[in-house]
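Student: I am new to this structure and should like to understand how its parts fit together. May we work through it by question and answer?

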Amino acid sequence: MEKVVHLRCPACRNERLLESRHGEIVAVYCRCSAHADVRGGSELTRMEKVPADEQVAVGGRR
């Protein structure tokens with residue numbers, strides 16, 4: 001059973017659709033530079049599920 005999950009990074013607002021093929025998706029992290037440290041690296045930010053009423057087509061899918 002495949003289920004599409006719509007996710008958004010709260011820091012950089014990047015959106016992504018992921019298909020779950022082997023069970024529930026527990027957590028997805030974004031390597032955005034919105035909270036980069038002073039060494040110029042990136043920080044992992046946990047992505048959040050987008051509520052159904054806010055979802056728009058991403059990558060040609062809904």
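Student: Leaving aside its neighbours within four places in sequence, which residues is V50 in contact with?

Tutor: This is a predicted model, and V50 is found in the segment after β5. V50 and C9 are 41 residues apart in sequence, while their C-alpha atoms are 9.5 Å apart in space. With neighbours within four places in sequence set aside, the contacts of V50 are H6, L7, R8 and Q55.

Student: Is V50 buried or exposed?

Tutor: A residue counts as buried when its relative accessible area is under 20%. The relative accessible area of V50 is 6%. V50 is therefore buried.

Student: Which residues are joined into one network by salt bridges that share partners?

Tutor: A search of the whole structure finds two salt bridges. In one of them E15 pairs with R8, the closest N and O atoms being 3.0 Å apart. In another, E54 pairs with R8, with the closest N and O atoms 3.1 Å apart. Through shared partners, the network joins R8, E15 and E54.

Student: How many residues apart in sequence are the parts that E54 and R8 tie together?

Tutor: E54 forms a salt bridge with R8. E54 lies in the segment after β5 and R8 lies in strand β1, so the pair ties together parts of the chain that are distant in sequence by 46 residues.

Student: Does R8 count as buried or exposed?

Tutor: For comparison, E15 is partly exposed, with a relative accessible area of 25%, and E54 is partly exposed at 41%. The limit for a buried residue is under 20%. R8 has 12% relative accessibility, so R8 counts as buried.

Student: In what order do the three strands of the open sheet stand?

Tutor: The protein chain has zero helices and five strands. Three strands form an open sheet with antiparallel pairing. Its edge strands, each pairing on one side only, are β2 (15-20) and β5 (48-49). The order is β2-β1-β5.

Student: Which residue in β2 does V4 stand opposite?

Tutor: β1 and β2 run antiparallel and are joined by six bridges. In this arrangement, the residue of β2 that stands opposite V4 is E19.

Student: Along β3, which side chains point to one face and are buried?

Tutor: β3 pairs with strand β4 (residues 43-46) in the antiparallel sense over four bridges, and E43 in β4 is the bridge partner of C32. The side chains along β3 alternate: Y29 and R31 point to one face and are not buried, while the other face has the buried pair, C30 and C32.

Student: Which seven residues form the largest nonpolar core?

Tutor: In soluble globular proteins, nonpolar side chains tend to be buried together. Here, β1 (3-8) and β3 (29-32) each supply at least two residues of the largest nonpolar core. One member, V5, also touches R16, L17, L18, I25 and K49, not counting residues up to four places away in sequence. The seven residues of this core are V5, L7, C9, V28, C30, C32 and M47.

Student: What share of the residues in the protein chain is buried?

Tutor: The protein chain exposes about 4,800 Å², of which carbon and sulfur atoms supply 48%. The protein chain has 62 residues, and the buried share is 19%.

Terms used
Residues are numbered from 1 along each chain as its sequence is written. This is a predicted model: local features need pLDDT of at least 70, side-chain atom pairs count only at pLDDT 80 or more; totals for chains, interfaces and linings use all residues. Side-chain values use heavy atoms; hydrogens and water are left out. A nonpolar core is a set of buried Ala, Val, Leu, Ile, Met, Phe, Trp, Tyr and Cys residues joined through side-chain atoms within 4.5 Å. Buried means under 20% relative accessible area, exposed over 50%, partly exposed in between (1.4 Å probe, protein chains only). Contact means heavy atoms within 4.5 Å. Two strands pair if DSSP finds at least two bridges between them. A salt bridge is a side-chain nitrogen of Lys or Arg within 4 Å of a carboxyl oxygen of Asp or Glu. Accessible areas come from the Shrake-Rupley method with a 1.4 Å probe; for residues, only the protein chains shown count as cover.
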